[in-house]
Amino acid sequence: MTLIKPIFKSTLATALLCGTLSAWATVGGDITLEVLGYEPVDQKVYVLHNHEDGWGGSKLYYFDLKGKNPNKAHEAKSYYNKDSMGIEYDDEDNTAVKKLENLKKHLTPLTPISTDGISVKILSTKTRQVESWGADGTDTAYHHQYRVISGKYRSTTQKVVAFEPDLSVSQAYKVPKHDKIVVGVKYLETRMESGYTKEDPVILNKSK
């Protein structure tokens with residue numbers, strides 16, 4: 001961590017001298033959630049994390065609803081090209097993109113529902129002071145444990161590190177043939193540059 005500031009300042013100075021600051025500056029971005037749908041044979045819900053940053057790729061996850069841990073999002077790395085960190089849309093070898101498009105053809109879209117009445121209950125919070133990104137001073141990191149609740153539906157306990165105290169539900173969908181809801185929980189993931197948000201997928205189960 002102690003090397004970040006000198007490297008940042010040196011790179012910034014170089015960029016200013018070369019007149020390339022506008023091309024260099026934007027390296028961060030939000031991580032948005034795209035709920036792809038439900039695969040009825042394997043009983044899996046697939047979602048994408050779309051990285052709106054300098055990488056510009058996506059990471060694919062699924063919830064195995066008939067598996068031992070149906071509430072856990074598993075990364076579907078078998079869909080990626082070899083040695084890649086995800087689905088890279090500008091890769092000359094577009095095998096991963098073709099796999100994703102083929103997967104989408106076999107998915108049943110989920111029905112969106114209102115987020116009204118869906119709440120995030122913070123169970124516990126621990127704060128930590130961390131070095132600010134690219135600046136002097138510190139920022140507060142909030143280590144939350146929380147549950148998402150909607151009437152008789154609730155999630156298992158979730159963990160997240162956010163840079164604002166609040167979490168919100170950004171989207172919600174009903175899973176067909178299951179008493180389950182999948183939601184997106186949105187929070188400030190980093191204060192890098194102007195600050196960027198992330199949406200995490202969370203499964204809610206109907207309580208007995």
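Me: Let's start with a single residue: where is the place of Asp83?

Reply: Happy to begin there. This is a predicted model, and in it Asp83 sits in the loop between β4 and α3. Its backbone deserves a look too: Asp83 is not a glycine, yet its phi is positive, at about 70°.

Me: Is Asp83 buried or exposed?

Reply: The idea is to compare the relative accessible area with a cut-off. Exposed means over 50%. Asp83 has 75% relative accessibility, so it counts as exposed.

Me: Which residue other than glycine has a phi near 55°?

Reply: That is Glu193, again with a positive value. Glu193 belongs to the loop between β11 and β12. Its relative accessible area is 28%, and partly exposed covers the range between the 20% and 50% cut-offs, so Glu193 falls in that class.

Me: Now rings. How do I read an aromatic pair, and how many does a search of the whole structure find?

Reply: In general, a pair of aromatic rings is described by the distance of the centres and the angle of the planes. Here the search finds two pairs. One joins Tyr46 and Tyr62: the centres are 5.8 Å apart, the planes make an angle of 45°, and the pair is tilted. Tyr46 is in strand β2 (residues 44-51) and Tyr62 in strand β3, so this contact ties together parts that are 16 residues apart in sequence.

Me: What is the geometry of the pair formed by Tyr46 and Tyr79?

Reply: That pair is edge-to-face, with 6.5 Å from centre to centre and 70° between the planes. The contact links distant parts of the chain, with Tyr46 in strand β2 and Tyr79 in the loop between β4 (73-75) and α3 (95-105), 33 residues apart. Ring pairs thus make a cluster of Tyr46, Tyr62 and Tyr79.

Me: Are Tyr46 and Tyr62 buried or exposed?

Reply: Both are buried. For Tyr46 the relative accessibility is 5%, and the cut-off for buried is under 20%, so the label follows.

Me: Which charged end sits over the ring of Tyr62?

Reply: The one of Lys44, at 4.4 Å from the ring centre.

Me: Let's turn to empty space. How should I think about a pocket, and what is the volume of the largest pocket here?

Reply: Rolling a probe the size of a water molecule over the atoms shows where empty space is left. In this model, the largest pocket has a volume of about 290 Å³. Its lining is made of 15 residues, and the closest to the centre are Ala73, Gln158, Lys159, Asp200 and Pro201.

Me: Which elements give two or more residues to the lining of the largest pocket?

Reply: They are β3 (58-64), β9 (158-162) and β12 (196-206). The largest share is that of β12, with four residues. By character, the lining of the pocket has six nonpolar, five polar and four charged residues.

Me: And the largest nonpolar core: which residues touch the most other members?

Reply: Out of 16 residues in that core, they are Tyr146, Val148, Leu167, Val183, Val185, Val202 and Leu204. At least two core residues come from each of β7 (138-150), β9, β10 (168-175), β11 (180-190) and β12. The largest share, four residues, is supplied by β11.

Me: Last topic: residues distant in sequence. How far apart are the C-alpha atoms of Leu36 and Thr108?

Reply: Compare the separation along the chain with the distance in space. Leu36 and Thr108 are 72 residues apart along the chain, and 8.3 Å separates their C-alpha atoms. Leu36 is part of strand β1 and is buried, at 13% relative accessible area.

Me: What are the matching values for Leu33 and Lys59?

Reply: For this pair, 26 residues in sequence go with 9.9 Å in space, C-alpha to C-alpha. Leu33 is located in strand β1 (residues 31-39). With a relative accessible area of 8%, Leu33 is buried.

Me: Where is Phe163 found?

Reply: Phe163 is in the loop between β9 and β10. Its relative accessible area is 14%, and Phe163 is buried. His143 is 20 residues away from Phe163 in sequence, with 8.9 Å between the two C-alpha atoms.

Key. Residues numbered from 1 in each chain as written. Predicted model: local features only at pLDDT ≥ 70, side-chain atom pairs only at ≥ 80, totals over all residues. Heavy atoms only, no water. 1 Å grid on protein atoms, 1.4 Å probe; cavity = no way out; pocket = protein on both sides within 12 Å on 5 of 7 lines; lining within 4 Å. Points joined across faces, edges and corners; volume = space filled by probe spheres on them. Nonpolar A, V, L, I, M, F, W, Y, C, P; charged D, E, K, R; others polar. Phe/Tyr/Trp six-rings, centres within 6.5 Å; stacked < 30°, edge-to-face > 60°. Buried < 20%, exposed > 50% of the residue type's maximum accessible area, 1.4 Å probe, protein only. Lys NZ or Arg CZ within 6 Å of the ring centre and 35° of its normal. Core = buried A, V, L, I, M, F, W, Y, C linked by side-chain atoms within 4.5 Å.
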